[in-house]
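Grab a pencil and pull up the structure. Here are three exercises on a ligand and the pockets around it, each with a worked solution.

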Amino acid sequence: MLTGKAAIVTGSTSGIGLAIATAYAAHGADVMLNGFGNADAIEATRARLEHEHGVRVRYSPANMAVPQDVRQMALQTVGAFGKVDIVVNNAGIQHVAPIDEQPDDRWDAVIAVNLSSAFHLVKAVLPGMKARGWGRVINVASAHGLVASPFKAPYVAAKHGLIGLSKTVAVEVAEHGITSNTICPGYVRTPLVEGQIAEQAKAHGIPVENVIRDVLLVHQARKRFVTVEEIAALALFLASDAAASITAAALAVDGGWTQH
Ligand code: NAD
């Protein structure tokens, strides 16, 4: 489905990003991995994807909070694969606290990683996409891009902003064969959410099962976590030619949460 395409998936050393990178490699795309983690484990993932799927897989340690790093990753991808056809802005962090207790540096970090990095990456790759008349920008926001929850001001603001950025890109470059869409997952049980479950259990003094049922999945009508494979399946479709007319969309994959 993606043979001959070159993709960057930010935050792909773990969770949702890794599932998207795996799906892209499995369908023939060359992939630039990115994110933090144990160097040996990242190299093992890179080599495994390359070996299993017969595509080129590279890794960029770029810090998405640093614009110069983002630009460097785009250049590295062009150096490795000759072009960038698909970008998935997926890297994300979270900080949970009441607004009046949110540390200023956490606000800046969450906005930088979850929102500004997407601007810098899109800015870097759009000229090449326009020149080739084909491109896919896929942003991983959240149900929190559509609705708010308390104690998540920087995250909710960044994810709402990411949808706004995505729509603007979409309408600006639609005539160049480039689409820009946002995926809005509900709760997915990744390391990011494991951290929140533990924090909430401690903060409320309640068991993990209660946090999952009464806090995380309270509005998720399906009453189970979304899986990384379900998010990757949509990211794969949005990257395909079949999705050429889907643009400026914010697509919820949230078990009914945002319509509850
Ligand atoms: P995760 O913690 O498993 O993965 C996050 C990835 O981002 C990792 O690869 C990490 O190394 C990378 N990353 C973090 N900071 C970075 C930085 N400064 N520079 C480069 N890479 C960085 O989390 P996940 O749950 O897979 O989250 C992926 C995306 O999905 C995030 O944007 C998150 O907000 C979003 N999301 C997650 C859920 C969920 O329930 N897990 C729900 C909605 C949206």
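The exercises start with the ligand and then move to the pockets.

Before you start: this is a predicted model, where local features need pLDDT of at least 70, side-chain atom pairs count only at pLDDT 80 or more, and totals for chains, interfaces and linings use all residues. Residues are numbered from 1 along each chain as its sequence is written, and side-chain values use heavy atoms, with hydrogens and water left out.

**Exercise 1. Work out which residues surround the ligand and what class they belong to.**

Step 1: Collect every residue with a heavy atom within 4 Å of the ligand. That shell holds 31 residues, and Ser14, Asn90, Tyr155, Val188 and Thr190 come nearest.

Step 2: Sort them by class, counting Ala, Val, Leu, Ile, Met, Phe, Trp, Tyr, Cys and Pro as nonpolar, Asp, Glu, Lys and Arg as charged, and the others, Gly among them, as polar. You get 17 nonpolar, 13 polar and one charged.

Step 3: Map them onto helices (DSSP runs of H or I, at least four residues, numbered from the N terminus). α1 (15-26), α5 (153-173) and α6 (191-204) each supply at least two residues, and α6 gives the most, with three.

**Exercise 2. Find N or O atoms of the protein that pair with oxygen atoms of the ligand.**

Step 1: Look for polar contacts, meaning pairs of N or O atoms within 3.5 Å.

Step 2: Check the side chains. Thr190 has an N or O atom 2.4 Å from a ligand oxygen, and for Lys159 the distance is 2.9 Å.

Step 3: Check the backbone too, where an N or O atom of Phe36 lies 2.8 Å from a ligand oxygen.

**Exercise 3. Describe the largest pocket and the second largest pocket.**

Step 1: Set the rules. On a 1 Å grid over the protein atoms alone, a pocket is an open set of points where a 1.4 Å probe fits, with protein on both sides within 12 Å along at least five of seven lines; lining residues have an atom within 4 Å of a point. Volume is the space filled by probe spheres set on the points, which are joined across faces, edges and corners.

Step 2: Take the largest pocket, at about 690 Å³. Of its 35 lining residues, Asn90, Ala91, Gly92, Ile93 and Leu192 are closest to the centre. The ligand sits here, meaning more than half of its atoms lie within 2 Å of the grid points.

Step 3: Turn to the second largest pocket, with about 400 Å³ of space. Its 19 lining residues include Pro150, Phe151, Lys152, Gln200 and Val215, the closest to its centre. α6 gives the most to this lining, with four residues.

Methods:
A polar contact is a pair of N or O atoms within 3.5 Å; within protein, one must be able to donate a hydrogen and the other to accept it, and residues adjacent in sequence count only if both atoms are side-chain atoms.
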